[in-house]
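This report looks at a few packing details in one protein model. Please have the sequence and the structure open while reading.

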Amino acid sequence: MPTSSGRTWWEHLSERDPGGLALARAVRVTLVGPALFAIALVVFDNPAVATTAMFGSVSALVFADFGGARPTRVKAYLALGVVGSLLLGIGTLASGSTAWSVPLTFVVGAGVRFSGNLGPRLSAAVSPIILSFVLGALVPAPAGAIPGRMIGWVLALIAAAIASVVILPRRSTVQLADTAASAADAIARALRVACGPGGTDDRFELQRLDDVAARLRVASLMPLRPTGPGARDVARRLMIDRLTRITRLLIVARDEPPVRPTPEMVAVGEHGARCLEVAARALRGEASSTELATTIADREQVRTRAFGRLEEAVQLGDDPETVLSRADFGFLARAGSTHAEAFARNAAFLVGDVLPFDADATEEVPDTSVRGAARRLDRFVGVHARPSSVWFRDAVRAGIALAAAVFLARSLGVDHAFWVALGTLSVLRSNALATGQTAVAAAFGTGIGFGLSSGLLAVVGLHRAGLWVVFVVAVFALAYLPQVASFTAGQAAFTIMVVALFNLIEPQGWHTGLTRLQDVAIGVLVSSVVALLFWPRRLEPLVARLVGALSIAAGGLLETAVRSSSPTTWRDARSETVIAEIRARTAIVELIAQHRGKPSVSEPWIARLGVASQARSAADAVSKLSTLLPSPRVSVSGIDTALGAAAHRVAEALAPGQRAPDPACAPIIRAETRPAALAAIGEGAREPRAVVRSLLVRDWLIATGEMVDERP
């Protein structure tokens, strides 16, 4: 049946749940949670174990949902079982004392929330770990109840580990690899066409790039987009970033008149396409590391020969116009091939093969050594262990809110204090406005759930068969609806599940729903007050400031590279740029999470981040040219002066981090540097390699300027 927009309901659900990840979560928790609850309640008659097992199942299979290979997933669930059970026991020990439970809640809440930013697995474990402690701290019990509670939690996590590899085991990391592989195949075809003779029929491949760009945008907006400092997370992010950059280059080339390719352009483009194709096969498990390494080595040889032919043309005194055209037309092949190699190296890393690279040069792939891990961790702490960090603020805010919820719940003596903390955690967002909006949604959803559960109880009464049906359906809905419908719908389903669960343990009718409504109201009030008092501003101004800082740093880095500054100056500038990029990326990830249902809010900032990152990549490429094309003479004065001025123009256009400049800077750079480039070619017989290096720098500046000119 079509919706009002003309799409079928299935198409609508598929769009809201790409890859069926929410459906898989819902099926898993529906099969595991109620089964464990029934066994503990009906067979062993132990409500404490039953309740803990049910909440443990929801935490593990809805909130956690670990990615990665199957053995890695199993280990992650088992580790969560151990850590969660220990914190559950500690929370239970502290449950008799407000003086202990409140400060411990702050330490656990803030510490776990901050540590969760180290990578997707730790991020996925944040809510379950916090909830395990809060469950123990806010449901008072004697020390003798600790073993039963811990057993219930561990059983839930063991069942979750089994379900994760048996029931619809597809994960977002697998989906990300599939997206990267299919995009790489399409980009390889387009690169081959753009760099080859390319008849009209062949150039149809270039028209498909819009679909490729759309798929890469979806990958950029995925709930588990890799953002942490872990090596594999870095590799996945770099793969998507490199493919995005090639796609942008090709789309720009598509909109320009076709060029007559030179033999070296065809060869470089062909080998870049080959890198993409073999890397895509490697991600699917169809190509060996030896084949991938050979392909990369062949590409480097072809690139060296292309440089040699340009150098030979300058040395032999070929017509400057012809030489400049050959250099300009070959940029697409060279730049696309460079990004393709970086993509291939990261693909090799993800399938378990680390190819040789210089970790200090351009960080094309993550450094897996102890030194590399220590450097990433040190950078993470240096960037985020400060009040200006989004993640630091979020962690402190969460700790304060949870501690306040525990204190208030214990002081008021509410019947189900755990729901107060759960309500607090579920609505706390990055600023007061977002928290307030989520709080209203949570309260509204809980109210709807209370009304629906009361109506259902009026129909099924307290008959256990009817309650079991309501319970199972609600479990499925609470896992599925937040992704495909709304947070409000998920809260309504959760309320219905809670009412059915506690009526199965001890029939109380609609009073359970009313109690949950009251407790959630207290929790959302705590979150709203804390969000209003601590860093209440909206996230968009922070994103704008951080993207602006990155744009300034990236422009300065590019100018530093072009002006051939000292190695120390270069390293310092690059380190500053990388840190700025991490901060901006972090804020944008939070913006994506905050506006999950409104990608139009975050997409312009993702694009602007991509342009600044492209400037940083251009600076890396320019810096690397001195190694690829060494010559006794460092520069050719006339053209290098013009290139320095052009780099400064790019930096000025890039600096605001906002919309495209007016007038556009790329045409100006092209026109202003052309006379100097032609003069350098005409006089470059004595230093042909230095001239070629300058021509390649010019190409990177023009391409970066074009990216800036297209910034949304």
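Which residues does S101 touch, not counting residues up to four places away in sequence? They are A94, F133, A137, V406 and R410, where contact means heavy atoms within 4.5 Å. S101 lies in helix α5 (residues 98–115); helices are DSSP runs of H or I with at least four residues, numbered from the N terminus. S101 is buried, at a relative accessible area of 0%; buried means under 20%, with a 1.4 Å probe and protein chains only.

The model is predicted, so local features need pLDDT of at least 70 and side-chain atom pairs count only at pLDDT 80 or more, while totals for chains, interfaces and linings use all residues. Residues are numbered from 1 along each chain, and side-chain values use heavy atoms, without hydrogens and water.

Two helices pack against each other at an angle of about 160°, with their axes 10 Å apart. Because of this angle, α13 is roughly antiparallel to α15 (over 145 degrees). The residues that meet are listed here.

| Helix | Residues in contact |
|---|---|
| α13 (residues 289–315) | L292, I296, R299, E300, R303, F307, L310 |
| α15 (residues 331–350) | R334, S337, T338, E341, A344, R345, A348 |

The largest nonpolar core (buried Ala, Val, Leu, Ile, Met, Phe, Trp, Tyr and Cys residues joined through side-chain atoms within 4.5 Å) has 102 residues. Among those touching the most other members is F343. Helix α8 (residues 172–194) supplies the largest share of this core, twelve residues. F343 touches residues including A180, A184, M239 and L243.

Definitions and conventions: Axes fitted to C-alpha atoms, helices over the stretch in contact; angles between N-to-C directions. Parallel < 35°, antiparallel > 145°, perpendicular 65-115°, else oblique. Buried < 20%, exposed > 50% of the residue type's maximum accessible area, 1.4 Å probe, protein only.
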